[in-house]
Amino acid sequence: MGKMEMRMALLEPANNDDENKQLVEGYAAVFNQRALIWESEWSGWKYMEVIDRNAFDGADMSDTVFKYNHGDIAMVLARASNNTLIMNTDDKGLRISADIIDTNNGTDVYKLIKRGDLNKMSFAFTVKNERSESDRENKIYTRTITAFDKIYDVAVVDFPAYDGTSIQARSKEYFVNLEKDLQEEKRRKKLYLMTYL
């Protein structure tokens with residue numbers, strides 16, 4: 001809990017008659033869709049993730065920024081606190097609209113989005129509440145995020161971690177540690193059976 005994580009989604013140029021503005025819109029998260037986050041090559045376990053429909057309710061998005069590739073050195077292209085970045089939820093997910101600043105960097109990013117070279121988004125967040133379940137027979141672990149704590153940024157990215165899905169993870173470390181925990185739990189149960197049966 002409390003570790004910053006990131007996810008991907010589609011981003012498209014907004015339809016706008018004002019040629020002086022560089023508007024984009026898209027979804028930074030999609031609700032109630034199981035996404036394959038990671039698959040272990042050595043154990044065969046698949047780690048899935050779902051974002052609950054109400055996960056953004058109460059999340060702090062007051063000063064979320066729009067960036068390119070999340071980098072700390074990346075220029076801020078829009079910001080929620082000055083209303084150049086607008087975020088809201090609908091039945092599909094977390095929808096964002098941004099008016100990208102018309103600096104050299106901002107214009108370059110906008111042109112890449114408009115042409116389709118950049119078409120994925122990611123968002124950085126911390127989790128407040130989640131639930132999980134393990135299907136040991138099919139080796140599927142599902143993590144459902146039920147409440148986000150804070151949304152730090154939404155970002156357009158060059159390379160999504162897993163192309164072809166609309167929501168994706170950045171960090172494999174969480175799932176490697178999770179798999180170790182699952183293996184340890186399995187080992188303890190085996191020792192228990194050997195001891196008492």
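# A guided tour of the predicted model

From the N terminus on, the elements run β-β-β-β-β-β-β-β-α-β-β-α. That comes to two helices and ten strands. Helices (H or I, at least four residues) and strands (E, at least two) are DSSP runs, numbered from the N terminus.

This is a predicted model, in which local features need pLDDT of at least 70, side-chain atom pairs count only at pLDDT 80 or more, and totals for chains, interfaces and linings use all residues. Residues are numbered from 1 along each chain as its sequence is written, and side-chain values use heavy atoms, with hydrogens and water left out.

## Stop 1: colour by confidence

Colour the chain by pLDDT, the predictor's confidence in each residue, from 0 to 100. The chain average is 80, and 72% of the residues score at least 70. Select strand β6 (residues 78–79): among the elements, its mean pLDDT is the highest, at 96. Now select helix α2 (residues 173–196), which has the lowest mean, 62. Then take residues 161–172, where the pLDDT is below 50. Beyond near neighbours in sequence, this stretch still has 41 contacts in the model. Contact means heavy atoms within 4.5 Å.

Two totals for the whole chain follow. Of its 197 residues, 42% count as buried. Buried means under 20% relative accessible area, exposed over 50%, and partly exposed in between (1.4 Å probe, protein chains only). Among contacts between residues at least 6 apart in sequence, 67% join residues at least 24 apart.

## Stop 2: helix α1

Select residues 104–115, helix α1. Its end C-alpha atoms are 17 Å apart. Twelve residues at 1.5 Å a residue should span 16 Å, so the model agrees. The expected span is 1.5 Å times one less than the number of residues.

Which residues of α1 are buried? Show G106, T107, V109, Y110 and I113. Look down the axis: the buried residues fall within an arc of 160°, so they line one face of the helix. The arc is that of the directions from the helix axis to the C-beta atoms. Turn to the other side of α1 for N104, K111 and R115, which are exposed. Step just past the helix to G116, where phi is positive, at about 95°.

## Stop 3: the aromatic rings

Show every Phe, Tyr and Trp ring. A search of the whole structure finds nine aromatic pairs. Rings of Phe, Tyr and Trp (its six-membered ring) pair if their centres lie within 6.5 Å; planes under 30 degrees apart count as stacked, over 60 as edge-to-face and the rest as tilted.

Zoom in on F123 and F148. This pair is edge-to-face, 5.7 Å centre to centre with 80° between the planes. F123 lies in strand β9 and F148 in strand β10 (residues 140–157), so the pair ties together parts that are 25 residues apart in sequence. F123 and F148 are both buried. Add F31, F56 and F125: with F123 and F148 they form one aromatic cluster.

Next, show K150 and Y152. The charged end of K150 sits over the ring of Y152, 5.4 Å from its centre. The criterion is NZ of Lys or CZ of Arg within 6 Å of the ring centre and within 35 degrees of the ring normal.

## Stop 4: around T126

Select T126 in strand β9 (residues 120–135). Is T126 buried or exposed? T126 is buried, with a relative accessible area of 5%. Leaving aside neighbours within four places in sequence, T126 is in contact with G2, K3, M4, F148, D149, K150 and Y152.

Follow two of these partners. D149 lies in strand β10 and is partly exposed, at 39% relative accessible area. The C-alpha atoms of D149 and T126 are 5.4 Å apart, across 23 residues of chain. Beyond four places in sequence, D149 is in contact with A59, D60, T126, V127 and K128.

G2 is found in the segment before β1 (5–13). At 52% relative accessibility, G2 counts as exposed. With the same neighbours set aside, G2 is in contact with T126 and V127. The C-alpha atoms of G2 and V127 are separated by 5.9 Å, though 125 residues apart along the chain.

## Stop 5: two unusual phi values

Most residues other than glycine have a negative phi. Go to N32, in the loop between β2 (22–30) and β3 (35–39). N32 is not a glycine, yet its phi is positive, at about 50°. End at N69, in the loop between β5 (65–68) and β6. Phi of N69 is also positive, near 60°. N69 counts as partly exposed, at 30% relative accessibility.
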